[in-house]
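Biologist: Shall we walk through this one together? Please show me the structure, and I will ask as we go.

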Amino acid sequence: SDYKLCRIPVTDIRYIEGMDNYVKIFTGDPRPVISHICIKELLTRLPQNNFMRVHRSYLINVKKNISFSNKYIYLGEKKIPVGISYENIVRNFFK
């Protein structure tokens, strides 16, 4: 991020938003960390028991306080859409 190497503890990550070949990593800080990596590649590097893909553009940290409705996941004030192809996975996780 900003041409610097940043180490972010997995426990600090709330969610990740993909943007083509970049991702925005949201922690508790007001500014997200932007990194040049695609979301698919990043998902292979993260612990699978901590992160779930819920949309083609979003990964969430399942260890955070989450609430769920039919089409959205809520992480505090952030409303994250659930993609059609991920609905069953998300629903089964929250059962």
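Biologist: In which sense do S4 and S5 pair?

Modeller: Strands here are DSSP runs (E, at least two residues) and are numbered from the N terminus. Two strands pair if DSSP finds at least two bridges between them. S4 and S5 are joined over four bridges, and the sense is antiparallel.

Biologist: Before we go on, what kind of model is this?

Modeller: Residues are numbered from 1 along each chain as its sequence is written, and side-chain values use heavy atoms, with hydrogens and water left out. Local features need pLDDT of at least 70, side-chain atom pairs count only at pLDDT 80 or more, and totals for chains, interfaces and linings use all residues, as this is a predicted model.

Biologist: Good to know! Which residue in S5 stands opposite Met52?

Modeller: A hairpin joins S4 to S5 through two residues. Across this pair, Met52 faces a partner in S5, and that partner is Ile60.

Biologist: Ser57 sits in the loop between S4 and S5. Is Ser57 buried or exposed?

Modeller: Buried means under 20% relative accessible area, exposed over 50%, and partly exposed in between (1.4 Å probe, protein chains only). Contact means heavy atoms within 4.5 Å; leaving aside neighbours within four places in sequence, Ser57 touches Ile16, Glu17, Gly18 and Ile39. Its relative accessibility is 15%, so Ser57 counts as buried.

Biologist: What is the bridge partner of Ile16 in S5?

Modeller: S5 also pairs with S1, in the antiparallel sense, over three bridges. Within S5, the partner of Ile16 is Leu59.

Biologist: Which residues of S5 are buried on the side opposite Tyr58 and Ile60?

Modeller: In a regular strand the side chains alternate between the two faces of the sheet. In S5 both faces are covered, with Tyr58 and Ile60 buried on one side. Buried on the other are Leu59 and Asn61.

Biologist: How many residues does the largest nonpolar core have?

Modeller: A nonpolar core is a set of buried Ala, Val, Leu, Ile, Met, Phe, Trp, Tyr and Cys residues joined through side-chain atoms within 4.5 Å. Met52, Tyr58 and Ile60 are among the members of the largest one, which has 12 residues.

Biologist: And Asp20, in the loop between strand S1 (15-19) and strand S2 (22-26): is Asp20 buried or exposed?

Modeller: Asp20 has a phi near 55 degrees, a positive value in a residue other than glycine. With a relative accessibility of 74%, Asp20 counts as exposed.
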